[in-house]
Amino acid sequence: LPLPGYSVSPGRTIDAGDLIAVKEREVFEPEGTFLVSTVARKPLSPFLAIQAWLDDSVTTVPKDQVQGKRAGTQAVEDSETMAIAVALERLGFEVRKAGGGAYVEEVTPASPADGRLTPGDVITSVNEAPAASAQEVTGVLKGLRSGEVVHLGVEAPTGVGRTEEVVLGRRPGTDEPFLGVVLRNAVGRFEFPVDVRIEAEGFEGGSGGLALTLGLLDVLTPGELTGRNRIAVTGTMEIDGTVGKVGGVTEKAISARRAGARYFLVPSGQAEDAVRGGGSTLKVIEVTTLDGALAALEGLGGDLGAARRSP
């Protein structure tokens with residue numbers, strides 16, 4: 001008997017190194033571990049509702065707070081691509097990027113975009129002007145007026161391009177134009193000089209980005225980036241090295257503690273949630289960038305020089 005909402009609980013943990021495969025290049029088997037912690041989300045049932053009532057580590061959330069499957073899968077693929085790009089650039093490789101645009105995460109029901117755009121689309125141009133990022137799209141839209149027709153160049157998840165004509169609405173309570181979408185920067189396409197594959201099958205969202213970046217740096221360089229420690233990591237990874245916030249930090253901390261992690265790297269501002277789940281046995285360290293994460297690892301005995309070597 002399904003109920004409205006989802007059950008949220010600590011998920012599995014996995015060694016980031018086990019997700020990474022590198023071909024035709026020397027790799028260095030790490031002695032320590034970067035753990036990717038996850039959150040388990042299941043459609044709510046009477047049994048899970050009772051479990052949430054009895055178990056402090058299990059909570060329930062409304063359905064609209066859970067990311068759609070397609071958006072979650074795309075976020076995982078994007079985080080894998082970003083981890084490879086950032087790690088290889090860090091090691092001095094030339095990484096070429098093509099494409100970009102604004103990735104459509106959500107479409108507001110009954111908005112001007114409803115029926116014209118769908119989650120997973122990428123807006124590549126506005127009124128025939130190329131748009132390389134979500135910021136460029138929103139910047140152009142802000143300069144328009146409600147009632148105007150905007151021509152959007154759109155690329156579907158299948159790669160097929162099209163043009164959509166959308167009449168802008170009015171944002172409630174203001175005179176601002178309103179399209180009705182939630183956008184983020186599209187990752188685009190990269191040409192990598194090293195054959196790297198990351199298979200994070202079964203994961204959702206982009207919260208493994210930092211862990212995968214660190215795991216790849218550790219695999220591609222000699223020395224022990226972990227300092228031979230068991231370190232849990234969560235946080236998204238942007239192309240400029242910024243670590244972004246994620247959801248479910250408390251549940252991920254519980255998962256990390258149960259998996260025997262000694263330390264937990266989390267995005268800045270989310271230590272309190274991590275401490276709530278990790279207790280006194282898990283040392284929580286906030287980071288804002290890849291540089292900050294590497295400095296923290298050096299403080300834990302990690303070989304930071306390995307992550308700075310050029311190929």
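**Close-up views of a pocket and two loop residues**

**View 1. The second largest pocket of the predicted model encloses about 380 Å³ of space.** A pocket here is an open set of points on a 1 Å grid over the protein atoms alone, where a 1.4 Å probe fits and where protein lies on both sides within 12 Å along at least five of seven lines; lining residues have an atom within 4 Å of a point. The volume is the space filled by probe spheres set on these points, which are joined across faces, edges and corners. This pocket is lined by 19 residues, and Gln74, Val122, Glu155, Ala186 and Gly188 are the ones that lie nearest its centre. Helix H2 (69-90) and strand E7 are the elements that give two or more residues to the lining, and H2 gives the most, with 3 residues.

**View 2. Glu24 lies in the loop between strand E2 (20-23) and strand E3 (33-43).** Helices (H or I, at least four residues) and strands (E, at least two) are DSSP runs, numbered from the N terminus. Although Glu24 is not a glycine, its phi is positive, at about 60°. Glu24 counts as exposed because its relative accessibility is 86%, where exposed means over 50%, buried under 20% and partly exposed in between, with a 1.4 Å probe and protein chains only.

**View 3. Asn127 lies in the loop between strand E7 (122-126) and strand E8 (129-130).** Asn127 is likewise not a glycine, and has a positive phi of about 50°. With a relative accessibility of 33%, Asn127 counts as partly exposed.

Residues are numbered from 1 along each chain as its sequence is written, and side-chain values use heavy atoms, with hydrogens and water left out. Because the model is predicted, local features need pLDDT of at least 70 and side-chain atom pairs count only at pLDDT 80 or more, whereas totals for chains, interfaces and linings use all residues.
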